[in-house]
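Reader: I would like a close look at a single part of this model, namely one helix and how far it is covered, and after that a connected account of the packing elsewhere. Please take your time over the side chains.

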Amino acid sequence: NLCNKDKKQHLNKVPAHKANIKIDRASYKSAGITTAADEKILAKFEQKVYEFYDKFLLVCGSSNEEDLRPQALTLLPKCCNVDPGTAFEKFQGQLLEAMKNSEQPFSFDPHFVTACFAKLELDQRISNLIDSSRDYVESLHTKQRHIQVHPERLKQSPLWTFLGQATSHGVFEFNTSLALTVSARILIQILSASNYETVFVHGTNPSQAQSMKKRLHELLQYLNDGNHATIKLVTILGKQDHDFIGEIKNLAEKHCFKICIVQQSDGTPPPDQRLERFSVKDLTRESFDELYKQPERNMFGTVASLRRVVDDTDDLSFLLALLELCDDRSSVIWDHNLNEHSYQKIKRWYIHRQCVPYEQTLTWRREDYIASYSAFEIDRALASNDEQPEPPKLPNGKVCVFLNDAGHGKTSYFSWLAWRLASSEPAPYVIKLIALEFSTDFEQLQQGPGPQTLTDTDILRLLYRYIHLALFVPSVNKRTVKETDVYRAEADRCAQRLTITSTGQIILDTNATEGIELSPEQLIELRLFREKFNERKLVLILDGFDEIAPHYKEGVLSCFARFVQLDGVQSLYLSSRPYGFEEDLKKTFHQCHLYKLAPFSKYNIILSFHNFLLRRLDGYEHYEPRIGMDILRELYDSIFFRLNDIVTVPLLLYMVQTVLLPDIRQRVSEHSHTITASLLRNAQLADMELVERFVDRKMQISNIDKTGTT
């Protein structure tokens with residue numbers, strides 16, 4: 001044992017490099033025979049080896065710090081306002097600061113390097129470009145946040161392919177029918193899929209092309225030198241000429257960078273340019289719901305459903321243009337409520353009256369017009385005006401005719417009727433036509449083939465022309481026939497797209513005028529007409545038929561008889577002086593309802609005087625209630641006992657009020673008055689003078705108020 005112990009101590013004292021190591025061959029195992037446990041150990045070993053390789057880098061022949069510094073300075077971006085040495089030292093300082101303050105390991109990658117150089121002082125022009133672009137992107141996120149195109153549709157875009165090619169560079173012309181802001185929004189959506197950014201450069205001013213080219217050169221040099229981590233595209237907004245696009249392509253090649261030119265096409269693009277169209281159906285469900293959040297909109301004086309006016313296959317630009325027009329209260333779509341405007345002109349003095357069957361005999365009885373001296377009588381008169389009674393009913397048939405002599409207020413009643421019908425539910429499409437304004441059209445109708453020989457589609461297109469002129473060519477008699485023919489040709493060109501089917505419905509034939517683009521307003525007008533017609537909500541009002549008779553009587557009656565036969569026309573209201581037209585009207589329009597306006601009642605007369613004084617007598621609205629009521633009572637008595645039933649005619653009553661106004665002004669004040677029943681006698685109002693004034697006023701209404709001439 002002692003020998004063995006000495007032997008072990010001796011071995012322990014042998015240096016390792018002098019020791020002879022022998023391996024017992026009996027302990028060897030065959031390499032071809034491995035167990036599953038052995039394979040698992042070998043796999044873990046290999047994994048550790050690869051981890052070792054990843055964490056160590058063998059550097060051979062490297063330069064020292066003094067040699068490396070000038071080489072590093074040459075690699076710095078040339079876009080900083082500080083000298084390279086200062087920029088390098090600041091970069092080193094930011095790197096050391098990040099290492100010192102970081103509690104967790106951080107990646108020294110392109111994103112980190114880009115962030116470091118972004119903190120350095122960039123050239124002011126480049127800094128302004130980037131800041132301006134970021135502000136623009138922020139505004140897009142705010143104003144166009146509701147624009148989201150379905151990702152699957154974006155992947156079909158050539159722009160997606162262009163941006164997805166990481167190693168390629170060049171110029172891509174992104175031509176769409178959309179506004180630049182919307183196209184830019186779609187571009188951002190595509191870029192966001194790759195977590196990339198772009199710098200937007202506004203280049204819509206051709207005179208600044210060379211200045212923009214210089215800015216682009218500096219920007220591209222900065223992005224290349226700094227190897228920016230996220231900005232991989234420069235986007236130019238606005239149309240550019242062919243020569244400038246060529247220069248942009250040279251810049252893209254020189255700097256090996258991608259440039260996108262976003263342009264809005266205002267029609268069919270040249271053959272060498274591709275126009276990319278985005279349809280309404282390309283929107284995401286969230287975007288679609290947001291845009292259609294208000295499902296019904298005001299259009300041309302009526303209310304229509306967006307889903308019926310806009311098709312899923314429509315260009316997205318049409319939907320956005322429609323929404324913009326509907327939101328703009330000064331646009332032709334929103335503000336073009338002619339029925340509302342016409343009624344507002346007469347609302348302050350309009351007195352509503354009842355209509356009665358034309359065959360009903362109205363006998364004037366003096367006792368019906370005797371007013372008591374109680375204040376209750378005047379109060380009742382002032383409260384009698386109801387501007388929203390129900391319009392006349394049509395129990396069967398489509399045609400309602402009003403026959404009254406001149407001066408009985410047919411035109412004012414029809415202004416109220418058009419407004420009242422248009423504001424009812426569900427909203428009809430009410431079109432008021434003043435017969436005298438269509439003299440030229442009725443003359444052409446008389447000279448052409450008879451309306452009875454036209455097909456349903458031809459008569460439908462003629463109706464569309466009349467409606468277009470009524471909506472967009474007011475006061476047509478202020479213009480020459482040559483000037484108004486431009487509007488007729490425009491209406492006829494649009495109407496060529498309309499076809500009526502065997503079921504009486506309208507379809508829009510998009511190929512009827514292939515190659516001719518319609519403006520959003522024209523397409524909206526067509527779609528609205530189609531929908532209101534197909535819903536049978538088209539209401540026609542023809543005022544003053546007698547004023548174009550007898551010259552065009554037969555042709556006009558025949559034409560409107562064909563209009564009424566169309567399924568889409570809900571009803572026709574026509575006004576005329578009698579002149580023996582009753583039988584012609586009954587013969588032309590089957591199941592025609594004849595009405596007449598009842599004459600002014602005593603309450604109508606008192607209310608008319610009240611409205612007249614409100615408009616023409618300064619300060620009348622501030623008079624003491626007792627004084628105002630007494631004035632109205634005395635005025636009523638003075639004219640009633642002198643003129644009797646003459647003042648039941650609205651226009652004649654207005655003539656009397658106009659003649660009496662100078663005397664009324666001299667006899668009234670805020671606290672007292674001296675009006676008596678002798679007022680009319682002192683005014684020396686002769687019957688012939690009243691007739692003269694009546695004729696002059698009717699001539700003014702016919703030649704100026706209705707036709708718009710001067």
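**A covered helix and the packing elsewhere**

Author: Helix α9 is mostly covered, since ten of its 13 residues are buried. The model is a predicted one, and in it α9 runs over residues 180–192 and reaches 18 Å from its first C-alpha to its last, close to the 18 Å expected at 1.5 Å a residue. The buried residues are Val182, Ser183, Ala184, Arg185, Ile186, Leu187, Ile188, Gln189, Ile190 and Leu191.

From the helix we can turn to the nonpolar packing. The largest nonpolar core has 105 residues, and those with the most contacts inside it are Met299, Phe529, Leu538 and Phe589. Helix α20, residues 456–472, gives the most to this core, with eleven residues. Because domain 1 (145–332) and domain 2 (343–348 + 381–386 + 393–597) both give residues to it, this core lies between them. A second, separate core has 33 residues, among them Leu617, Tyr623, Tyr636 and Ile639. As for Leu538, leaving aside neighbours within four places in sequence, its contacts include Tyr429, Ile431, Leu463, Ile467, Phe529 and Phe533, as well as Gly568 and Val569.

The aromatic rings add another view, with 23 aromatic pairs found in a search of the whole structure. Tyr136 and Phe200 form an edge-to-face pair, at 5.2 Å centre to centre and 65° between the planes. Tyr136 lies in helix α6 (residues 124–143) and Phe200 in strand β2 (residues 197–202), so this pair ties together parts that are 64 residues apart in sequence. Tyr136 is buried at a relative accessible area of 12%, and Phe200 counts as buried at 2%. Tyr466 and Phe563 are also edge-to-face, with 6.0 Å between centres and 85° between planes; Tyr466 belongs to helix α20 and Phe563 to helix α23 (residues 553–565), so the pair ties together parts that are 97 residues apart in sequence. Tyr466 counts as buried at 2% relative accessibility, while Phe563 is buried with a relative accessible area of 1%.

Finally, ring pairs link Phe402, Tyr413, Phe414, Trp416 and Tyr595 into a cluster. Leu597, in strand β15 (residues 593–597), touches Phe402 and Tyr413, among others, not counting residues up to four places away in sequence. Leu597 is buried, with a relative accessible area of 2%, and its C-alpha is 7.8 Å from that of Leu403, although the two residues are 194 residues apart in sequence. Lys596 lies over the face of Tyr358, at 5.7 Å from the ring centre.

Conventions. Residues numbered from 1 in each chain as written. Predicted model: local features only at pLDDT ≥ 70, side-chain atom pairs only at ≥ 80, totals over all residues. Heavy atoms only, no water. Core = buried A, V, L, I, M, F, W, Y, C linked by side-chain atoms within 4.5 Å. Buried < 20%, exposed > 50% of the residue type's maximum accessible area, 1.4 Å probe, protein only. Helix = DSSP H or I, 4+ residues; strand = E, 2+ residues; numbered from the N terminus. Domains from an automatic or database assignment. Contact = heavy atoms within 4.5 Å. Expected span 1.5 Å × (residues − 1). Phe/Tyr/Trp six-rings, centres within 6.5 Å; stacked < 30°, edge-to-face > 60°. Lys NZ or Arg CZ within 6 Å of the ring centre and 35° of its normal.
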